[in-house]
Amino acid sequence: MKQHTSSHGDRVGVLIVGAGPTGLTLAIDLARRGVACHVVEAAEERAVNPRCNTTSARSMEIFRRLGIADDIRRAGLPEDYPTSIQYRTTLRGEEIFRIDLPSADDVLTGAGRDRWPTPEPQHRISQLFLEPILERYASGLPGLTIERGTRLVELRQYADHDDHDDHVEAVVESDGTTRVLHCHYVVGCDGAHSAVRRQLGIRYQGVDAIQKFVSTFVRSSELGRLAARDRAWTYWTYGRRLASLIAIDGEELWLNHVAFDPGHDTDRENPERLLEETVGGAVEHDVLGVVRWTGRQLVAERYQEGRVFLAGDAAHIWIPVGGFGMNAGIQDAATLGWMLAAVHHGWAPPELLTAYERERKPVGEQFASAVGSAARASLADVSPDIHLPGPDGERARAELADRLAVTEPHRYSPDGFSFGYHYASSPLVVGGEEQDAISMGGYQERARAGFRLPHVWLDDGRSVLDVLGPDFTLLRTDSGVDVGPWGDAARERGIPLTVVDLPGRWPDRYPTGLLLVRPDQHVAWMGGADARPDALLHTVTGRLAAHQR
């Protein structure tokens, strides 16, 4: 890419460091909201090894709002490929337990959709396929530029003194040439080894090692033929070590994760032998990549320093269980995106941005705790008797199946993580109540302040999430409530407000006459005709925080 230098530096609205799923989602959201942004990515090419292989229901809802959910759902595994989970002694051995889940085709055709808590169930897609879709879409948006092969060297923040405007200077380097970008804001979406976080001097806090892993990416037609006898998305096996064999393309690409204790020397482990132990014998294959890594449970001590923010793995890393790290990063992007846009367009004060950490850091901490607990339960020791022939082996496998029936279903349908996380204690939420800790399975299909608005299908086939405006939306379920004062108050403050009528519908799901929904689809307030729109809009857009400074 052509580079240039400038004595005054380039002007950038929002600089996003990192072109992974978090950074690209944030860039797309900002660009669609009319905020110019520039993405820099140190890597010239994407990583070869697959990483996250699940896009959660909440992430798919976010992608639906951004207009790319269908493209994502049609990528990854073949549309008719089952997304089931099997637990076996080895791939060639005995089945112990299974969880059957719908294919992409089941979702696209709407099979059973009236039972879904969402218009967009989770989707099994490797980052190998997800990231190109996001980058291709991002590259076509006006006001959004992506620059690969460019790394961050230094950050310098300036307050409104010494003849500088309030801004951030980012020194970046590409092809041996450095230049200075003058940025209104910078967001570090640059992963666990974040240069942005290091520049800010922010440390992780938590558990540095839960498990070690050896992950081997292979191409094997023979594995595809073996799996075709009873296809699944993931096969958990119990050879010498616990392993998970994941279908990447539904044909010949496979990822073999093998878990070890945190003190184990994984450098001495032979990936070829590990694959044989997973399969239960030799199999023809080509190794495409091997990664030896450590699963952690860490959250950054701060998510913000002045005009610089952290999101995704730069803010939190934990042992991969169900792709929660990537999906939490996409949630970070959805929250920070609307806040930056609101400040940029002038209908919210800069103090609004202090709510980002107050909302997302508690979620990150609770996710870390829940994911760590789930991983420890799933990775617990298994009796070697499961490999025995005859009644003793059958008994041991039945006992393991009983245990898996408790630990595994919520792990692979973690609706609590998609729909149960919340901002009930946020300064931007009115009427939020104290809540239990977030869990994988815990959520309610009833609107609550601070939570994502529950989904329903409307008579025209759309989800209620589809009729929300791009910014704030006032849902009216009681046609007798006058919404005129809301429109007046919003116009006076320049706050974009869409009013949507759902008269007399779903009282169990939407129990109040009015619900004020934020741009990220979370409920900011619930109430009725006695509301004070001026005061409420004052609070939910951060003006109360500004006034209290």
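**Salt bridges, a buried tryptophan and a pocket**

Glu-95 is partly exposed, at a relative accessible area of 33%. The model is predicted. Arg-98 is also partly exposed, with 28% relative accessibility. The two residues, Glu-95 and Arg-98, form a salt bridge, and their closest N and O atoms lie 3.0 Å apart. A search of the whole structure returns 43 salt bridges.

A second bridge pairs Arg-148 with Glu-135, with 2.9 Å between the closest N and O atoms. This pair links distant parts of the chain, 13 residues apart. Arg-148 belongs to strand β5 (residues 144-148), and Glu-135 to helix α5 (residues 127-139). Arg-148 and Glu-135 are both buried.

Arg-156 and Glu-154 supply a further example. Their side chains meet in a salt bridge at 3.3 Å, N to O. Arg-156 has a relative accessible area of 26%, so this residue is classed as partly exposed. Glu-154 is likewise partly exposed, at 32%. Elsewhere, salt bridges with shared partners join five residues into one network: Arg-88, Glu-95, Arg-98, Asp-100 and Asp-230. The Glu-95 and Arg-98 pair described above is thus part of a network.

Attention turns next to Trp-236. This residue sits in strand β10 (residues 234-238). Its relative accessibility is 8%, and the cut-off for buried is under 20%. Trp-236 therefore counts as buried. Which residues are in contact with Trp-236, leaving aside its neighbours within four places in sequence? Ile-85, Gln-86, Tyr-87 and Arg-88 are among them. Leu-242, Ala-243 and Ser-244 are in contact as well. Arg-411 and Tyr-412 complete the list. Arg-88 thus appears both in the contacts of Trp-236 and in the salt-bridge network. Tyr-137 lies 99 residues from Trp-236 along the chain, and 35 Å separates their C-alpha atoms.

The second largest pocket was then examined. Its volume is about 390 Å³. The lining comprises 19 residues. Those closest to the pocket centre are Leu-101, Pro-102, Pro-121, Gln-122 and Ser-413. Two or more lining residues come from each of the elements α4 (104-108) and α13 (415-419). By class, nine residues of the lining are nonpolar, six are polar and four are charged.

Key: Residues numbered from 1 in each chain as written. Predicted model: local features only at pLDDT ≥ 70, side-chain atom pairs only at ≥ 80, totals over all residues. Heavy atoms only, no water. 1 Å grid on protein atoms, 1.4 Å probe; cavity = no way out; pocket = protein on both sides within 12 Å on 5 of 7 lines; lining within 4 Å. Points joined across faces, edges and corners; volume = space filled by probe spheres on them. Helix = DSSP H or I, 4+ residues; strand = E, 2+ residues; numbered from the N terminus. Nonpolar A, V, L, I, M, F, W, Y, C, P; charged D, E, K, R; others polar. Buried < 20%, exposed > 50% of the residue type's maximum accessible area, 1.4 Å probe, protein only. Contact = heavy atoms within 4.5 Å. Salt bridge = Lys/Arg side-chain N within 4 Å of Asp/Glu carboxyl O.
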